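User: I'd like to understand the labels people use for a structure like this one. Can we go through a few together?

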There are 2 protein chains.
Amino acid sequence: MTRRGLLLILSSPSGAGKSTLSRMLMAWDPTMRFSVSATTRKPRPGEVDGREYWFRSREAFQAMVDQGQMLEHAEVFGNFYGSPRAPVEAAMQAGTDTVFDIDWQGGQQVKQAMRGDVVSIFILPPSIAELDRRLRTRGQDSDEVIAGRMAKSRDEISHWAEYDYVLVNDDVERSFDNLKTILTAERLKRERQPQLSAFVRALNEEFEAR
Amino acid sequence: MTRRGLLLILSSPSGAGKSTLSRMLMAWDPTMRFSVSATTRKPRPGEVDGREYWFRSREAFQAMVDQGQMLEHAEVFGNFYGSPRAPVEAAMQAGTDTVFDIDWQGGQQVKQAMRGDVVSIFILPPSIAELDRRLRTRGQDSDEVIAGRMAKSRDEISHWAEYDYVLVNDDVERSFDNLKTILTAERLKRERQPQLSAFVRALNEEFEAR
């Protein structure tokens with residue numbers, strides 16, 4: 001009997017290291033699936049449909065929402081973002097764990113919908129100065145965009161207390177170790193090991209046969 | 001602000017490796033405290049009062065129960081066993097984690113009394129043949145005693161599904177790794193990091209000061 005795949009939600013303000021950490025996690029365990037979000041925002045140079053995002057028109061996005069095909073969705077800076085439901089449910093059935101790189105609004109909705117299958121982790125930056133520095137060294141955004149991101153970051157951070165686990169990302173290797181540790185422990189939870197029922201049945205048969 | 005110490009309950013049938021694993025864990029993290037049980041059974045050769053058990057008369061044990069000084073207690077094979085409450089509460093206040101090597105009856109009672117502070121792990125043997133072998137190679141018990149233990153083991157195993165985590169101990173090093181992983185992950189849970197409130201307050205002050 002295969003266990004149901006779990007849903008690992010990573011949230012953090014932009015620049016706290018969430019994307020790096022989720023990439024490291026996927027490289028460490030290639031059986032995991034990354035939930036590619038759909039969005040109505042325009043692709044940036046180099047972004048590929050289905051890799052960074054599923055790029056959709058407002059009409060197509062709204063149709064998916066109306067048909068219940070989004071596990072969660074929210075509007076950020078005038079664009080819509082959402083997690084398509086079907087691939088997540090298929091992964092869960094197949095016992096594949098899914099990683100979500102989504103904000104607190106998405107995290108709340110997925111948690112509401114999928115309760116016991118969700119493991120949520122909030123990643124905090126070591127300081128706002130460091131967050132600012134990381135955003136600036138990306139070098140592709142204007143001061144105005146960065147100011148907007150910082151306001152959004154503050155809002156995002158205000159939701160840290162809704163998460164199961166919290167990491168302060170002052171050292172990416174240590175945070176990665178902690179991320180692996182959390183995932184490994186969660187997989188050892190009783191309800192995530194459905195094969196144990198048959199195993200204990202076999203132990204009981206061994207008792208009977210003595 | 002110090003976090004409250006957590007209560008790590010290890011249960012398993014006799015011979016499944018629980019005592020070895022709890023010793024390994026205490027050696028790995030010497031800040032942890034082992035909850036020494038009180039018992040009315042007679043000391044065996046080599047056992048020291050306060051190390052293996054607190055050896056108490058029935059009257060003294062019953063007085064502790066009557067005065068609410070036992071966190072849990074139960075009768076096994078005509079003897080009473082219990083976990084004194086005061087050292088556990090002192091450890092929790094001091095932020096020290098306590099390891100309990102107790103059976104399902106004790107585990108249930110501690111969980112009832114201490115809910116959110118409890119992390120419970122059940123250790124299963126790889127097979128009953130192996131359990132039997134481990135009990136026999138200890139070499140200090142009669143066949144009759146071993147038969148009694150096996151009956152108790154079966155009863156103990158029947159409670160595996162009441163625990164948060166389950167380990168099948170077919171390799172003690174791997175089980176030890178898993179045990180450390182569980183403890184490390186549990187310490188990363190949001191509610192076990194009370195220092196985060198002040199940390200996030202400082203982040204907000206940094207936002208304000210920009």
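Analyst: Sure, starting with a term: a polar contact is a pair of N or O atoms within 3.5 Å; within protein, one must be able to donate a hydrogen and the other to accept it, and residues adjacent in sequence count only if both atoms are side-chain atoms. By that rule, chain B and chain A have 20 residue pairs in polar contact (both at pLDDT 80 or more). This is a predicted model, where local features need pLDDT of at least 70, side-chain atom pairs count only at pLDDT 80 or more, and totals for chains, interfaces and linings use all residues. Residues are numbered from 1 along each chain as its sequence is written, chains are lettered from A and ligands numbered from 1 in the order in which they are written, and side-chain values use heavy atoms, with hydrogens and water left out.

User: Why is the meeting of B:Asp132 and A:Arg210 called a salt bridge?

Analyst: A salt bridge needs a side-chain nitrogen of Lys or Arg within 4 Å of a carboxyl oxygen of Asp or Glu. The side chains of B:Asp132 and A:Arg210 meet at 3.2 Å, N to O, so the pair fits the rule. Across the interface of the two chains, the rule finds 4 salt bridges.

User: What makes β1(A) and β8(A) a pair?

Analyst: Strands (E, at least two residues) are DSSP runs, numbered from the N terminus, and two of them pair if DSSP finds at least two bridges between them. β1(A) and β8(A) have 5 bridges, in the parallel sense, so they qualify. A:Leu7 stands opposite A:Val118 there. β8(A) also pairs with β9(A) in the parallel sense, over 4 bridges.
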